[in-house]
Amino acid sequence: GNPPLVAEEMYYTFLTRLKNTCCRHVVITGGNHDSPSRLNAPKGILRALDMHVVGAAGGPEEEIIQLKDPAGNVRATVLAVPFLRERDFRVTTSGESADERIERIQAGIIAHYQELAEAVADEKGIVIAMGHLYAKGASTHAEQENIYLGNLDNIAANQFPERFDYIALGHIHRMQKVGKQSRIRYCGSLIPLSFSEISDKKGVFIVDLEEGKGLVE
């Protein structure tokens, strides 16, 4: 929420170095530990460099990002969904039980992705969705508590709309597929964040997506 200046310097140095690579676009979303306003503060400047920041949920107008080639053609559409807080679901119920609260949150997450899928239903080309949550079937560490508490399964693999060609998830530190689906993956953390992760494989996923075919393996 309030990172030290040395951490922010590393962040901006990393983004600066990316501009000298083949990477034409960067999409950054906020996680449960991030300050949305702090992430969003430089978003106007970063946008001029084709770096897109979504610190907090803002609906289709904020979260749908089109990635264009130098000629201005849309090559992919990214649904940049950050960590969804309870207030983002726009529904509160007094006197609800813990189980009812969890069910409401789960329904809100599913509805959020469905709304975005409907918004891009007529879009041509590749659609990539992002998220910061627990997904059913993912393997995690005991040290990682569910960010919504209670039931660990915030959304199942088959509850993500089929329109999404690839779903890039964050929060769980172990890189893996979700529900044995290659199109749904956690990239994991780049470094071990606890002693229980020392033996974990760390890395990044580089995936090829082709219009009309989706993920090419």
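A nonpolar core is a set of buried Ala, Val, Leu, Ile, Met, Phe, Trp, Tyr and Cys residues joined through side-chain atoms within 4.5 Å.

**View 1. The largest nonpolar core of this predicted model has 25 residues.** Those touching the most other members are Ile109, Tyr113, Leu133, Phe160, Phe164 and Leu169. Two or more residues come from each of helix 5, strand 5, strand 6 (166-170) and strand 8 (181-186). Helix 5 gives the most, with 5 residues.

**View 2. Phenylalanine 160 and its contacts.** Leaving aside residues up to four places away in sequence, Phe160 touches Tyr113, Ile155 and Ile167. It also touches Leu169, Arg183 and Ile184.

**View 3. A second, separate core holds 11 residues.** Among them are Val54, Ala76, Val78 and Ile126.

**View 4. Six strands form an open sheet.** Their order is 3-4-5-6-8-7, and the pairing is mixed. Strand 3 (64-68) and strand 7 (176-178) are the edges, each pairing on one side only. On average, neighbouring strands are turned by 30° against each other, direction ignored.

**View 5. Strand 3 meets strand 4 (residues 74-79).** The two pair in the antiparallel sense over 5 bridges. Leucine 67 stands opposite alanine 76 in strand 4.

**View 6. Helix 5 (residues 98-119) lies across three strands.** These are strand 3, strand 4 and strand 5 (126-132). The helix runs at about 160° to strand 5. Among the elements of the chain, helix 5 has the lowest mean pLDDT, 88.

**View 7. Residues 144-151 stay under 50 in pLDDT.** The model has 27 contacts for this stretch beyond four places in sequence. Where pLDDT is low, the predicted coordinates should not be read in detail. The mean pLDDT of the whole protein chain is 87.

How values were computed:
Residues numbered from 1 in each chain as written. Predicted model: local features only at pLDDT ≥ 70, side-chain atom pairs only at ≥ 80, totals over all residues. Heavy atoms only, no water. Pairing = 2+ DSSP bridges. Helix = DSSP H or I, 4+ residues; strand = E, 2+ residues; numbered from the N terminus. Axes fitted to C-alpha atoms, helices over the stretch in contact; angles between N-to-C directions. Contact = heavy atoms within 4.5 Å. pLDDT = per-residue confidence, 0-100. Buried < 20%, exposed > 50% of the residue type's maximum accessible area, 1.4 Å probe, protein only.
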